[in-house]
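Colleague: I am new to this structure and would like to learn how to read it. Could you take me through some features one at a time?

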Amino acid sequence: MEATLTASECQVEEQKDLLLSLRATVEKQSSALQELRATVEELKRENRERPKVAFSASLSETKGPYNTDITLVYNHVFTNTGNAYSPVTGIFKAPVSGIYYFRYTAFGITSKHRRVSLYKGGQLMVTVTDRSTPHDGEDSGSNGVTLQLEEGEEVYTRLKAEHQVYDNGAHHTTFTGFLICFQ
């Protein structure tokens, strides 16, 4: 009987040690969970404060040919989060310094040549071009670029003189941009 009592006492001590170990583990996990919750809340706050910039617009009508190069004004705005794109001037003005992505598409259906270029300030970045032939039908070209912009820098597209782009309610000719990350 004494042996059984000693064995039971040993088991009770082992159970107490196991319980203490389990409590320590639960406290550690509880502390780690609180840290994770605090991190999640901090990330949510940072995301709320992060600038949100994105736009997409189309011409809505055919442009050109003109005697001189012109800045294209995409007046049908699909989205303009942050209001950095002007549907009056056709110019995107960076509201914050950061890395931005821009993409544009130029569509043509006539025998007119098509050349649209994207500029950062007055500097040419990328171009879409097409020289029509008598056997040419519909053509569409796109280009895109990732740019480092400082707050206030402008990005826009220009139609080359004596060239034309086509658009209508189907929104073939578009200009899109968005902030990837700010600095």
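Modeller: Start with one residue, and keep in mind that this is a predicted model. Leu22 has a relative accessibility of 52%, so it counts as exposed.

Colleague: Why does 52% make Leu22 exposed?

Modeller: Exposed means over 50% relative accessible area, buried means under 20%, and partly exposed is in between. Leu22, at 52%, is therefore in the exposed class. The residue belongs to helix H1, which covers residues 2-49.

Colleague: Which residues form a nonpolar patch with Leu22?

Modeller: Leu19 and Val26 join Leu22 in that surface patch. Together the three have about 270 Å² of accessible area.

Colleague: Is Val40 exposed or partly exposed?

Modeller: Val40 is also a residue of helix H1. Its relative accessibility is 42%, which means that Val40 counts as partly exposed.

Colleague: How far is Val40 from Ala54?

Modeller: There are two ways to state that. Along the chain, Val40 and Ala54 are 14 residues apart; in space, their C-alpha atoms are separated by 25 Å.

Colleague: How is the protein divided into domains?

Modeller: Domain 1 takes in residues 1-49, and domain 2 takes in residues 54-182. Between the C-alpha centres of the two domains there are 60 Å.

Colleague: Next, the strands. What is the order of strands in the open sheet?

Modeller: The five strands follow the order E3-E1-E10-E5-E8, with antiparallel pairing. At the edges are E3 and E8 (139-149), each of which pairs on one side only. From one strand to the next, the twist averages 10°.

Colleague: How do I read the pairing around E1?

Modeller: Take each neighbour in turn. Strand E1, residues 54-58, is joined to E3, residues 76-81, by five bridges, and the two run antiparallel. Phe55 has Asn80 of E3 as its bridge partner. With E10, residues 174-182, E1 again makes five bridges in the antiparallel sense. There, Ala57 is partnered by Phe175.

Colleague: How many of the five residues of E1 are buried?

Modeller: Four of them are buried, and the strand is mostly covered.

Colleague: Which strand pairs with E10 over eight bridges?

Modeller: That is E5, residues 98-108, and the pairing is antiparallel. One of the bridge pairs is Gly98 with Phe182 of E10.

Colleague: Why is strand E6 described as largely enclosed?

Modeller: The count of buried residues gives the reason. E6 spans residues 114-120, and five of its seven residues are buried, so the rest of the structure largely encloses the strand.

Colleague: Which strands does E6 pair with?

Modeller: Among them is E7, residues 123-130, which E6 meets in an antiparallel arrangement with seven bridges. Lys120 and Gln123 of E7 are bridge partners. E6 also pairs with E9, residues 154-159, over five bridges and in the antiparallel sense. In that pairing Ser117 is opposite Arg158.

Colleague: What lies between the strands in the hairpin of E6 and E7?

Modeller: Two residues separate the strands of this hairpin. In the hairpin, Gly121 has a positive phi near 65°.

Notes
Residues are numbered from 1 along each chain as its sequence is written. This is a predicted model: local features need pLDDT of at least 70, side-chain atom pairs count only at pLDDT 80 or more; totals for chains, interfaces and linings use all residues. Side-chain values use heavy atoms; hydrogens and water are left out. Domain bounds come from an automatic or database domain assignment. Buried means under 20% relative accessible area, exposed over 50%, partly exposed in between (1.4 Å probe, protein chains only). Helices (H or I, at least four residues) and strands (E, at least two) are DSSP runs, numbered from the N terminus. Two strands pair if DSSP finds at least two bridges between them. Axes are lines fitted to C-alpha atoms, for helices over the stretch in contact, and angles run from 0 to 180 degrees between N-to-C directions. Patches are made of residues with over 30% relative accessible area and no salt bridge: like charges are joined within 9 Å, nonpolar side chains (Val, Leu, Ile, Met, Phe, Trp, Tyr) within 5 Å. Accessible areas come from the Shrake-Rupley method with a 1.4 Å probe; for residues, only the protein chains shown count as cover. A salt bridge is a side-chain nitrogen of Lys or Arg within 4 Å of a carboxyl oxygen of Asp or Glu.
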